[in-house]
Amino acid sequence: SLCLHVHRFDERIVGFGVAILEAGHAGAMLVYGIEIDGLNEHIVSLRLGFAQNSASGIDDLAVSEKEQIVHTAEDILSGSADLSGKNVVIVGGGITGLETAQVLSGKGCKVTVVEMAKDVAPTLFLTNKAFLLMALQQAGVTIKTRHRLTEIAADSVLTTDGEGNESRIPADAVVLAMGVRPRDNAAQSFEDAFSHVTRIGDAEKTGQIADALRMAHDKATVF
């Protein structure tokens, strides 16, 4: 139904003389350029809404054997990394971390989720969260809260709990779901090329899709 609504919206926009150009993919990013031709003589600059995926903070973490064992949640969810049957530790118990755990458990992985806070997925609706946690439990996923990552080695991770006790968890691979930051380089290239560019979604501030849609609506109504 979402695709149908988008298609009808595109038809209405084209009816007003606006051309929507799909520029294609750049990594996991989809960019739409809007060319305004005679729609309003008072509009003198191009306004472009720019949304993109964010980058995980992997470069800020010093680990051994990083290229061999460390992946991001995006690697798993996009299918670019296959960890089927492996012993995997996911660092980060947010919505993305739990979704990644569910995907990997379905591929025969033994999964442990490590979260430094006292609870996982705090922003998830309680009903959805209850069903998800039940499914993860049935799949054999282990969740360790109040555990902070302190080291990633070639075959394990080291965590420290709230009392300072250390635990070493065996791992064939580690998946980082520790949060994201905006990718600024692509947005900057548009700002260099056009006189007026409007950032939306993760290009402006990381958040959930509802935040990005609300931001896009607010900025699209103000010239």
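Which residue in β11 stands opposite Thr 160? I opened the notebook with that one, and I found Glu 166 facing Thr 160. A reminder to myself before going on: this is a predicted model.

**Entry 1, the strands around β10.** I looked up the partners of β10, residues 156-161. On one side I found β9, residues 147-152, running antiparallel to β10 and joined to it by five bridges. Within that pairing, I noted Ile 152 opposite Val 157. The link from β9 to β10 is a hairpin through three residues.

I then turned to β11, which spans residues 166-170 and pairs with β10 over five bridges, again in the antiparallel sense. Here the hairpin leaves four residues between the strands. I checked the backbone in that turn and found that Gly 164 has a positive phi of about 90°.

**Entry 2, the cores.** Next I asked myself which residues have the most contacts inside the largest nonpolar core. I got Leu 83, Ile 90, Leu 104, Val 111 and Val 175, in a core of 21 residues. I listed the elements that contribute two or more residues to this core: α3 (73-78), β6 (87-91), α4 (95-105), β7 (110-114), α5 (126-138) and β12 (173-176). The top contributor is α4, with three residues. I also found a second core, separate from this one, made of twelve residues, among them Val 70, Ile 152, Ala 171 and Leu 176. I had already met Ile 152 in the pairing with β10, across from Val 157.

**Entry 3, Leu 83 and His 71.** I pulled the contacts of Leu 83, skipping neighbours within four places in sequence. They are His 71, Ile 76, Val 88, Leu 104, Cys 109, Ala 173 and Val 175. His 71 caught my eye, so I asked: is His 71 buried or exposed? His 71 counts as buried because its relative accessibility is 16%, under the 20% cut-off. I placed His 71 in β5, residues 70-72. With the same sequence neighbours left aside, I found His 71 in contact with Ala 81, Leu 83, Ala 173, Val 174, Val 175 and Leu 176.

**Entry 4, helix α4.** I finished with the buried residues of α4, which are Gly 97, Leu 98, Thr 100, Ala 101, Leu 104 and Ser 105. Why do I say they line one face of the helix? Looking down the axis of α4, I see the buried residues fall within an arc of 160°, so they line one face. I recalled that an α-helix has 3.6 residues a turn, so residues three or four places apart point the same way. Lastly, I noted what the buried residues of α4 pack against: α3, β6, β7, α5, β8 (142-144) and β12.

Note on methods:
Residues numbered from 1 in each chain as written. Predicted model: local features only at pLDDT ≥ 70, side-chain atom pairs only at ≥ 80, totals over all residues. Heavy atoms only, no water. Core = buried A, V, L, I, M, F, W, Y, C linked by side-chain atoms within 4.5 Å. Buried < 20%, exposed > 50% of the residue type's maximum accessible area, 1.4 Å probe, protein only. Contact = heavy atoms within 4.5 Å. Pairing = 2+ DSSP bridges. Arc of directions from axis to C-beta.
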